[in-house]
Amino acid sequence: MHQRILLRARKGPFDVLSAEETYERDWIGKNTGNLVFSHAAHKLLATSTAEITPSRFRADPRDADEINEKYDVFVIPLANAFRHDYAKRLTSMAQLIERLKIPVVVLGVGAQTDVDGNLEQLRPIDEPVSAFCRAVLDHSHSIGVRGEITENYLRKLGFSAVEQIGCPSMFLHGDSLRIEKTKATLGIDDRLAFVISPYVKALAPLVLHHHQRYPNLRYVAQDLYTLGTLLYGDAPKLRGKTADMPIHTSHPLFVEDKVRMFMDPWPWMDYLSGFDFAFGTRIHGTITALISGIPGYLLAHDSRTLELARYFDIPHRLLRDAPADVDAAQLYAEADYTALNEGHKERFARITAFLAKHDLGLSFADGDSATRFDEQVRQTVYPPALRPVSAYSPEELLTRIQWMRDETRTLQTKIDTLHARSLRERVKQAVSGRVRRMLGAR
């Protein structure tokens, strides 16, 4: 049976956009990690009878009638949506879902609090979270959550139809995932991927230490701010600034061409597959390394990262418990992937059962659907990694400047058109008002 799926995603897996377009219109939803789990969800659902449309993150209650007419189910992969600064969006989504007449499936939502799972911190958002869950459960059998912290939170709010299913990103290859350490020890010349959150200042000593010790270290960035810095340099008010974290072009990782950022998960995975180890605070940076086949290690600094590490048995430490001088070689030596490898098939069976319960197909159980998806990925030409401006030739920089000029002209044309329309409307209203007054005078 043909199934029309509206999938909450900023863009589809085969929407190819340049780095400049990605930045200008934020096609990553602030963080490329969003694409890893949304595109994995797309692949899971991409059966031969499924027609999948990305929602572009739009969640306007006024769209309910159109959604009811065009789609058979609304699938919502979410990250750490149960957090303070997301409450208004939760409310909008709840209002939209309340107006829908089609099933709604939440695929892996998480709460964000501290690493101790302190639910008291979430009290101010209890009502918007509850409203969202009530709306979903009016359209769904259960809510799929990332791990035990989120499940505990929802159960304390009074919801029992909650299932731990992890995150779709770890199931990009179905039930096939095996991580092996190919080296007995990690050497200083080995390739290391630093997957860090630039706003976590406690990482500064680790950045300094590993930059000095490992010449083949690369910082693989994920956030929109760093994308802008890579494209256009520091913002005017930040020029000449320095910091211990790689947030300015003056940082050694920028100066030495040791920063990379990708617009899509697929070239990102290809790049990481050539590394020996990845570590840091980014949960989807770590997961992207794992699904690329290389050992990854997480330094958990909040509940959203910790509960996924626990659920999937990803080797990890709490960042607060890691010594300032902890070395990647030490983390590599202690990393044990036995539980991750041995538990993967059971975890995949769990999410498979969740999808079946909600009448969603699975590409891996639908002939060669998953293989055809992978083939389409291979045939798609994605933008290469973005690097610091200092790494580009004069010709490449001129090409970028020309693109910016073209975009500026396009934007100015749109502004001029809007101004002209506004002016015409004002003139029309003024004339109409004068005519009405003249007729009234008669």
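# Notebook: helix packing and single residues

I began with helix H15, whose buried residues pack against helix H2 (33–45) and helix H10 (265–272). I note at the outset that what I am reading is a predicted model.

**Entry 1, the two sides of H15.** I asked which residues of H15, spanning residues 369–379, are buried, and I found Ser 369, Ala 370, Phe 373 and Val 377. These four cover an arc of only 105 degrees around the axis, which puts them on the same side of H15. I then turned to the other side of H15, where I found Thr 371, Arg 378 and Gln 379 exposed.

**Entry 2, H2 against H11.** Since H2 had come up as a partner of H15, I looked up how H2 packs with helix H11 (residues 283–291), and I read an angle of about 50 degrees with the axes 9 Å apart. That angle makes H2 oblique to H11, and I recorded the crossing of the two as left-handed. For the residues that meet there, I wrote down Gly 33, Val 36 and Phe 37 from H2, and His 284, Thr 288 and Ile 291 from H11. Sorted by kind, the residues of this contact are three nonpolar, three polar and no charged.

**Entry 3, H10 against H11.** H10, the other partner I had noted for H15, also has an entry with H11: their axes come within 8 Å and cross at roughly 70 degrees. The two helices are therefore roughly perpendicular to each other, and H10 passes H11 in a right-handed crossing. On the H10 side I listed Trp 268, Met 269 and Leu 272, and on the H11 side His 284, Gly 285, Thr 288, Ala 289 and Ile 291. This contact of H10 with H11 divides into five nonpolar residues, three polar and no charged. I noticed on rereading that His 284, Thr 288 and Ile 291 of H11 are named in the contact with H2 and also in the contact with H10.

**Entry 4, Thr 286.** Staying in helix H11, I looked up Thr 286, and asked whether Thr 286 counts as buried or exposed. With a relative accessibility of 0%, Thr 286 counts as buried. Setting aside neighbours within four places in sequence, I found Thr 286 in contact with Val 195, Gly 280, Gly 296, Tyr 297, Leu 298 and Ile 314.

**Entry 5, Met 170.** I next located Met 170 in the loop between strand S6 (162–164) and strand S7 (192–194). Although Met 170 sits in a loop, I found this residue buried, with a relative accessible area of 1%. Not counting residues up to four places away in sequence, Met 170 touches Leu 177, Ile 287, Leu 290, Ile 291, Phe 312, Leu 340 and His 344. Among these is Ile 291, which I had already written down as a residue of H11 that meets H2.

**Entry 6, Ala 309.** In helix H12 (residues 303–312) I looked up Ala 309, which counts as buried at 0% relative accessibility. Neighbours within four places in sequence left aside, Ala 309 is in contact with Leu 298, Ile 314 and His 316. Leu 298 and Ile 314 had also appeared on my list for Thr 286. I added that Ala 309 and Val 115 are 194 residues apart in sequence and 12 Å apart in space, taken from C-alpha to C-alpha.

**Entry 7, positive phi in two loops.** I noted that phi of Phe 57 is near 70 degrees, a positive value in a residue other than glycine. Phe 57 has its place in the loop between strand S2 (50–54) and helix H3 (64–70), and counts as partly exposed at 24% relative accessibility. Phi of Asp 359 is likewise positive, near 60 degrees, again in a residue other than glycine. I placed Asp 359 in the loop between helix H14 (338–357) and H15, and found Asp 359 exposed, with a relative accessible area of 60%.

**Entry 8, the buried side of H7.** Last, I asked which residues of helix H7 (residues 204–213) are buried, and recorded Ala 204, Leu 206, Val 207, His 210 and His 211. They cover an arc of only 160 degrees around the axis, which puts them on the same side of H7. What covers the buried residues of H7 includes strands S7, S8 (217–221), S10 (277–280) and S11 (296–300), together with helix H9 (252–255) and helix H13 (328–334).

How values were computed: Residues numbered from 1 in each chain as written. Predicted model: local features only at pLDDT ≥ 70, side-chain atom pairs only at ≥ 80, totals over all residues. Heavy atoms only, no water. Buried < 20%, exposed > 50% of the residue type's maximum accessible area, 1.4 Å probe, protein only. Arc of directions from axis to C-beta. Contact = heavy atoms within 4.5 Å. Axes fitted to C-alpha atoms, helices over the stretch in contact; angles between N-to-C directions. Parallel < 35°, antiparallel > 145°, perpendicular 65-115°, else oblique. Left-handed = near helix turned anticlockwise from the far one by under 90°. Nonpolar A, V, L, I, M, F, W, Y, C, P; charged D, E, K, R; others polar.
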